[in-house]
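Biologist: Got a minute to walk through this one with me? I'd like to start with the surface and then move inside.

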Amino acid sequence: MNYEPVIGLEVHVELYTKSKMFCACSADYFGEEPNTHTCPVCLGLPGALPSPNQQAIDWCLEIGLALGTKIANSSKFDRKNYFYPDLAKGYQISQYDLPFCSGGEVTLTNGKKIRITRAHMEEDTGKLTHAKVDGKSVSLIDFNRSGVPLVEIVTEPDFENAREVVEYLKKLQQTVRYLGVSQADMEKGDMRLEPNISLRKKGQKDLPDYKVEVKNINSFKFVEKAINFEISRQAKILDVGELPVQETRGWNEQKNATVSQRSKEEAHDYRYFPEPDIPPFTFTKEQIEKLTKKTPELPAAKLERFKKDYQLSQYDAEILTRDLSSADYFEEATYAGKEAGLTPKQVANIIINKKPDIANILPATLIKNYIAANQTAPVDKTKLEKAIDEVLAQNQKAVEDYKSGKENALMFLLGAVMKKIATKLDANLLKSKLQERLK
Amino acid sequence: MLDISDLTIEKAQKLIASKQIKALELTDAYFKRAVKLNPIINSFITITGDAARDQAKKIDDLIANKQPISPLAGIPIGIKDIFSTKGIKTTAASKVLEDYIPPYDATVVTKLKDANAVILGKTNLDAWAHGASGENSDFGAAKNPYDLERVPGGSSSGSASATAANQVLAATSTDTGGSTRQPASFCNVVGLKPTYGRVSRYGTVAMASSLDTMGHITKTIYDNALMLNTTAGYDPMDATSSTKKSEDYTKDIEKVPKGLKLGLPKEYIDGLDDKIKNVITSAAKKLEKLGVKIVEVSLPYTKYGVATYYIIQPAEVSSNLARYDGIRYGNKRDAFGPEAKRRIILGTFTLSAGYYDAYYLKAMKVRRLIRDDFINAFKEVDALICPVSPTLPFKLGEKASDPLSMYLADIYTVNINLAGVPALTVPAGFVDDPSTSSGQVLPVGMQIIGPDFSEKLLYQIGYAYEQETKWYETKPKL
């Protein structure tokens, strides 16, 4: 292919606040009876007014800080005017020209930096369902989701392929979970993904003259498929000398393809203007510092610390820091492990290999159980050392193999020592002893 | 039967508290008058007899049980039919909402109910509060009690006409561009447009959110201050309401601050109709006699007010009316009247891509300059006095076919909304008009405008003037 994909991303993250963005209704609507989490405000009844949820605003700022963005000194909400039956007020309260957060970056494992354009707050809409009631086709609206707080995070078109996009998304998901501001549960629609994709000639610096947006994708797998589909679809169009249409498309799971939804000619004019029902905001240095202090250790920092403090490999550290609960579990377990004479590396192996049910088994219990299960007859130290000496001397080839990188050879040597001693030994202990000797 | 013709809230409250009359008697007397006069004046869209009587009985029980009662307890009031009232139809005088019954009360209504006021009905208005004559109501225009061939002003047409005709002792109103002050002026009653943020907007059908204020209309200044004592204050449901503490507005109302200096803005006097000018200048002289110093001041951006207002207001209207899609409640959009449609189209246009900067954004900048005009004037004087309307109450139908001349009637009121400052309409006299068929003279009001949150001062000035003039004693011949 002679083209280079140019991909940007918009992600909507639903916040996990108790109440909605502008009213006191519960924001925990998933699976609830339709229209039970509603009030005059989120139903858009005549006269109702929005009162902003401070928790949601703080959380948006925390996301912004975690993504390295700058928090605006002054900001405001705006009205985005458009008609849709699930939009109770006929406008969505969003942010236009003064988002809370702008200009950050996220670093991928290949070292590439993805620039964050902005992160802003807005409210979710209701949900339309097309159903049959008494044999009639009807459209039903559930306003339980109406007014639930969303943070929209927009990147610059810095991605070159779907792999980078997915890595970024996983990082973003991990970050908001670490912050404890969203469950980021894809199944529940907590994260909605909108990649915009276009192609340019290899080596070309300017952005292409068009872009195709794929709306409302709810899984990392589909975003990958949609991007790859678009890349080949657009390449075919460019190959015959044409320009792909600037449009909005949707991902169709059944067809395994993107389908056109709206072209540029039909684009909305949202008639943005400052939301007069909510006074503008100013964020002081002190406020931002307070939030920064509140921000917990983020995934990237934790990963580095695990590698350094616990002498873990990149691989182990990545697995253990993937979510906050297993990272915390590991750290707890290292205390119990230390008392039982286990190194953090050994504790990490236990957790990674045994995959304990961390919600139900306490870290100390895990270690206790492990020690009990691996209770071995005490082996005379000199006898063991002697056995190791003999095995190493008799198996020069295996020793050479191991030193040249063949991990399997170690297991062979381990087996040989076990056989010689003829008693049950703690395999992990023996393994590290052998590794020590072969250094 | 109880004679209610001379009652004010202040008087009625004393009669109730001293058990000379029962709240139920008072409610019944006002209910009868409201029902009797409504076919003539059309002040009400809904009259709520049974609910009002139940409320009055409750207050009589409180008094019988020696419970403390508030100054508004048992007082029959009207609620402009744009304030949501739980269980009572709230139409905004539009066919779109002709059957809409809100499940909740506006904050002002909650406060008045908590003060045990008796809601006698929902008063008429220009649909969606769009208008200055009351003629835009989808349920027929209200009439001016001083001349039934004339308009009572608008948009709070029914609140002004009902108070003037003594169908209620007070009524709530809104003021986005003059909707409280102009009808108060046309009907010889007192109307307050409070500081933006002083009274919660929650639950009142929004017209133009950045300009809307929740006022009220009464016969006297003291009554007006009593109402504000109840309605003012911070409301967590309205993010634009002020956290500044409200005051006891009746306390020291009879005292005029020493060395008071008032300004007569020349832009509001130059070119003014002679008859109205005479009323304002003689009012100024009256105040001078009371020891107040009067000086001329200038508000140079005044002339841009109407143009600025008719950009910002329709823009916000177009967005605020978008929810009336007939899906969740109300009728379909074809039920909107011509004036609402006109404003929706105007506002949609000025907010459109490519026009926003030239219209809305520019207007917001001019708005800032207009506010600065007032701030600067208040460095020189304590308050301003000026006319409310460039014309006398006009005849029904006279301007109905000319929306632009109707817009220009807002010339002395809109700047105050753009600036956000408070203003009080006080009855200032009567003028005869040869075209008045009934031979009645027509009322003229004046405005007292003060800095942010100066309502107390406005009442003190108004009270001093009212004590000298007592124009409220000149009742309509009905």
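Modeller: Bear in mind that this is a predicted model. On the surface, B:Ile40, B:Leu148 and B:Leu478 make a nonpolar patch of about 240 Å².

Biologist: Where does B:Leu148 sit in chain B?

Modeller: B:Leu148 is in a loop of chain B, between β3 (118-123) and α5 (157-164).

Biologist: And what is the relative accessibility of B:Leu148?

Modeller: The value is 33%, so B:Leu148 counts as partly exposed.

Biologist: OK, salt bridges. How many over all chains?

Modeller: The structure holds 45 over all chains. Take A:Lys76 and A:Asp97, whose side chains meet at 2.7 Å, N to O. A:Lys76 lies in the loop between β3 and β4 (78-81) of chain A, and A:Asp97 in the loop between β5 (91-94) and β6, so the pair ties together parts that are 21 residues apart in sequence.

Biologist: Is A:Lys76 buried or exposed? What about A:Asp97?

Modeller: A:Lys76 has 15% relative accessibility, so this residue counts as buried. A:Asp97 is at 47% and therefore counts as partly exposed.

Biologist: Which other pairs should I look at?

Modeller: Try A:Arg249 with A:Glu247, a salt bridge of 2.6 Å, N to O. Both A:Arg249 and A:Glu247 are buried. In chain B, the side chains of B:Arg181 and B:Asp175 meet in a salt bridge at 2.8 Å, N to O.

Biologist: Why does B:Arg181 count as buried?

Modeller: Buried means under 20% relative accessible area. B:Arg181 has 0%, so this residue is buried. B:Asp175 also has a relative accessible area of 0%, and is therefore buried.

Biologist: Which residues are linked in a network of salt bridges?

Modeller: A:Arg79, A:Glu275 and A:Asp277 from chain A, with B:Arg201 and B:Asp238 from chain B, are linked in one.

Biologist: Switching to empty space. How many cavities of 30 Å³ or more are there?

Modeller: A search of the whole structure finds 5. The largest cavity has a volume of about 110 Å³.

Biologist: What lines the largest cavity?

Modeller: Its lining has 17 residues. A:Cys42, A:Lys89, A:Glu123, A:Ser146 and A:Gly147 lie nearest the centre. By class, the lining divides into 9 nonpolar, 4 polar and 4 charged residues.

Biologist: And the second largest cavity? What volume?

Modeller: The second largest cavity has about 70 Å³. Its lining draws on chain A and chain B. From chain A come A:Gly47, A:Ala48, A:Leu49, A:Arg79, A:Tyr91 and A:Asp277. From chain B come B:Ala206, B:Ser209, B:Asn320, B:Arg323 and B:Tyr324.

Biologist: I've seen A:Arg79 and A:Asp277 already, haven't I?

Modeller: You have. A:Arg79 and A:Asp277 belong to the salt-bridge network, and they also line the second largest cavity.

Biologist: How do the residues of that second lining divide by class?

Modeller: They divide into 5 nonpolar, 3 polar and 3 charged.

Biologist: Now pockets. What is the volume of the second largest pocket?

Modeller: That pocket has a volume of about 1,000 Å³. Its lining counts 37 residues. A:Pro280, B:Ser210, B:Met364, B:Arg367 and B:Arg368 lie nearest the centre of the second largest pocket.

Biologist: Which elements each supply at least two residues of that lining?

Modeller: From chain A, β3 (74-75) and β15 (273-274) do. From chain B, α11 (357-380) and α13 (414-419) do. α11(B) gives the most to the lining, with 6 residues.

Biologist: What classes are in the pocket lining?

Modeller: The second largest pocket has 18 nonpolar, 10 polar and 9 charged residues in its lining.

Biologist: Last topic, two threonines of chain A. Where is A:Thr109?

Modeller: A:Thr109 is in the loop between β6 (101-107) and β7 (113-123) of chain A. Its relative accessible area is 57%, so A:Thr109 is exposed. A:Glu390 is 281 residues apart from A:Thr109 along the chain, and their C-alpha atoms are separated by 44 Å.

Biologist: And A:Thr292, which helix is that in?

Modeller: A:Thr292 is in α4 (residues 285-294) of chain A. With 42% relative accessibility, A:Thr292 counts as partly exposed.

Biologist: What separates the C-alpha atoms of A:Thr292 and A:Ala66?

Modeller: A distance of 8.7 Å, with the two residues 226 apart along the chain.

Notes. Residues numbered from 1 in each chain as written. Chains lettered and ligands numbered in written order. Predicted model: local features only at pLDDT ≥ 70, side-chain atom pairs only at ≥ 80, totals over all residues. Heavy atoms only, no water. 1 Å grid on protein atoms, 1.4 Å probe; cavity = no way out; pocket = protein on both sides within 12 Å on 5 of 7 lines; lining within 4 Å. Points joined across faces, edges and corners; volume = space filled by probe spheres on them. Helix = DSSP H or I, 4+ residues; strand = E, 2+ residues; numbered from the N terminus. Nonpolar A, V, L, I, M, F, W, Y, C, P; charged D, E, K, R; others polar. Buried < 20%, exposed > 50% of the residue type's maximum accessible area, 1.4 Å probe, protein only. Patch = residues over 30% accessible without salt bridge, like charges linked within 9 Å, V, L, I, M, F, W, Y side chains within 5 Å. Areas by Shrake-Rupley, 256 points an atom, 1.4 Å probe, with all protein chains shown as cover. Salt bridge = Lys/Arg side-chain N within 4 Å of Asp/Glu carboxyl O.
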